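Trainee: I would like a close look at a single part of this model, followed outward to whatever it leads to. Please take it step by step.

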Amino acid sequence: MIKFENFSFTYPDAPAPALKNINLEIQKGAFLGIIGPSGAGKSTLTYAINGAIPHYYQGVCQGQVMVDGIDVFDSTPETISLKVGSVFGDVESFFVASVVEEEILFGLENFNIPRSEIEGRITSALDAVGISELRYRSISSLSGGQKQKVAISAAIALRPQILLLDEPTSELDPQSSRQIFSLLRTLNKSNGMTIVVVEQKIMLLCEYVDRLTVINDGEIYSTGSVRDVLSTPSKLEKIGVNCPRVTTLSSKLAAAGLTNEPVALNLNEAESMVRRIIRDYIR
Ligand SMILES: Nc1ncnc2c1ncn2[C@@H]1O[C@H](COP(=O)(O)OP(=O)(O)OP(=O)(O)O)[C@@H](O)[C@H]1O
Ligand SMILES: [Mg+2]
């Protein structure tokens, strides 16, 4: 479990805190999406989970962040990195090797994984992500989606309990974006990995994640199940977060007194809702 308790953080020389009094619990096995406007503090929140704060970004901190029972501030970066795997949108600048296999190997050697385990870990990390055939390819020859998968593969080779991703689909087309999210779903549902993903594409979040946390101006604006968080689209639009059109439509139908069903999260749900409304109307 990840637990923020009254956590605040101010970057060095920044005029205001990037995170203010955050209280948040992320349960083991959760599949959580984080949304919010640009500059809200989403990436900063991820830094507090993977130990980049305080081990890389110095600044003024208050409160506490616990990851799997360990206080991030009392821990070493190595200890946290074995618990939390991190993948960032701009993976290009994070690759250290030129061939896929070497990239995975680098992380394993860096963390002193015993020689006898290395082959098995590389094979299963590639297999879990479905890119076994890319093992000997040069990274520069891969597509954006394939590079993301390599980055995820390298992260999960360390067998972290938590996988943290910051806009993993920012460089990807819709189809590759869906592939990444369906991979994350498999890692979450089949391997029990806790997944925390910052993502702008709200339709993807609607379809795949179980819970949403909305960050605005360094604070938690809203948190809960996807349907609960999206149940008041006007509240989210106020801070510049656009809900899916089906959600907005269904909430307007409810506001007009035509339905008392919860908001629709996808086209199928919206269609069924509209069909029921019409059926009741003409009855
Ligand atoms: N290294 C840094 N030094 C100083 N201030 C920073 C630093 N990184 C971010 N900030 C500031 O902290 C606040 C939160 O930034 P953060 O990058 O966490 O936002 P974000 O929600 O991830 O935004 P985006 O959607 O654009 O990625 C912003 O005001 C930003 O300018
Ligand atoms: Mg960010």
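Mentor: Gly-130 sits in the loop between α5 and α6. The model is a predicted one, and every value below is computed from it. Directly after α5, the phi of Gly-130 is positive, about 75 degrees. Its relative accessibility is 45%, so Gly-130 counts as partly exposed, between the limits of 20% and 50%. Along the chain Gly-130 and Lys-149 are 19 residues apart, and 8.4 Å separates their C-alpha atoms. Lys-149 is one of the buried residues of α6.

Take the helix before the loop. For the 15 residues of α5, a rise of 1.5 Å a residue predicts a span of 21 Å; the C-alpha atoms at its ends lie 22 Å apart, so the two figures agree. The buried residues in α5 include Ile-118, Arg-121, Ile-122, Ala-125, Leu-126 and Val-129. The packing partners of the buried α5 residues are α4, α6 and α7.

The helix after the loop can be treated in the same way. Helix α6 covers residues 144–156, and its 13 residues should span 18 Å at 1.5 Å a residue; the distance between its end C-alpha atoms is 19 Å, which agrees. Of those 13 residues, 11 are buried, so α6 is mostly covered, given that buried means under 20% relative accessible area. Among them are Gly-145, Lys-147, Gln-148, Val-150 and Ala-151, and the list also includes Ile-152, Ser-153, Ala-154, Ala-155 and Ile-156. Against the buried residues of α6 pack two strands, β6 (84–88) and β7 (162–166), as well as the helices α4 (100–110), α5 (115–129) and α7 (174–189).

Two of these partners, β7 and α7, are joined by a loop that holds Thr-169. With a relative accessibility of 0%, Thr-169 counts as buried. Setting aside residues up to four places away in sequence, Thr-169 touches Ser-177, Ile-180 and Phe-181, and also Glu-199, Lys-201 and Leu-204.

The loop between α4 and α5 holds Asn-112. Asn-112 is not a glycine, yet its phi is positive, near 55 degrees. Its relative accessible area is 66%, so Asn-112 is exposed. Most residues other than glycine have a negative phi, and most peptide bonds are trans. Another departure from the usual sign is Asn-21, a non-glycine residue with a positive phi of about 45 degrees. Asn-21 belongs to strand β2, and with 47% relative accessibility it counts as partly exposed. As for the peptide bond, the one between Ile-53 and Pro-54 is cis, with omega about 10 degrees. Pro-54 lies in helix α2, residues 52–55.

Strand β2 (19–26) leads into the loop before β3 (31–35), where Gly-29 is found. Gly-29 has 33% relative accessibility and therefore counts as partly exposed. Apart from residues up to four places away in sequence, Gly-29 touches Asn-188, Gly-192 and Thr-194. Between the C-alpha atoms of Gly-29 and Glu-271 there are 32 Å, with the two residues 242 places apart along the chain.

One more loop position is Ser-75, between β5 (70–71) and α3 (77–83). Ser-75 counts as buried at 10% relative accessibility. Neighbours within four places in sequence left out, Ser-75 is in contact with His-55, Ile-70 and Ile-80.

Last comes ligand 1. There are 13 residues around ligand 1, and those that come nearest are Ser-38, Gly-39, Lys-42, Ser-43 and Thr-44. The shell comprises five nonpolar, six polar and two charged residues. Three of the polar approaches can be given with distances. A backbone N or O atom of Ala-40 is 3.1 Å from an oxygen atom of ligand 1, and a polar backbone atom of Gly-41 is 2.9 Å from a ligand 1 oxygen. For Lys-42 the side chain is involved, with one of its N or O atoms 2.7 Å from an oxygen atom of ligand 1. Taken alone, ligand 1 exposes 640 Å², of which the protein buries 59%.

Note on methods: Residues are numbered from 1 along each chain as its sequence is written. Chains are lettered from A and ligands numbered from 1 in the order in which they are written. This is a predicted model: local features need pLDDT of at least 70, side-chain atom pairs count only at pLDDT 80 or more; totals for chains, interfaces and linings use all residues. Side-chain values use heavy atoms; hydrogens and water are left out. Helices (H or I, at least four residues) and strands (E, at least two) are DSSP runs, numbered from the N terminus. The expected span of a helix is 1.5 Å times one less than its number of residues. Buried means under 20% relative accessible area, exposed over 50%, partly exposed in between (1.4 Å probe, protein chains only). Contact means heavy atoms within 4.5 Å. A residue is near a molecule or strand if one of its heavy atoms lies within 4 Å of it. A polar contact is a pair of N or O atoms within 3.5 Å; within protein, one must be able to donate a hydrogen and the other to accept it, and residues adjacent in sequence count only if both atoms are side-chain atoms. Accessible areas come from the Shrake-Rupley method with a 1.4 Å probe; for residues, only the protein chains shown count as cover. Ala, Val, Leu, Ile, Met, Phe, Trp, Tyr, Cys and Pro count as nonpolar, Asp, Glu, Lys and Arg as charged, and the others, Gly among them, as polar.
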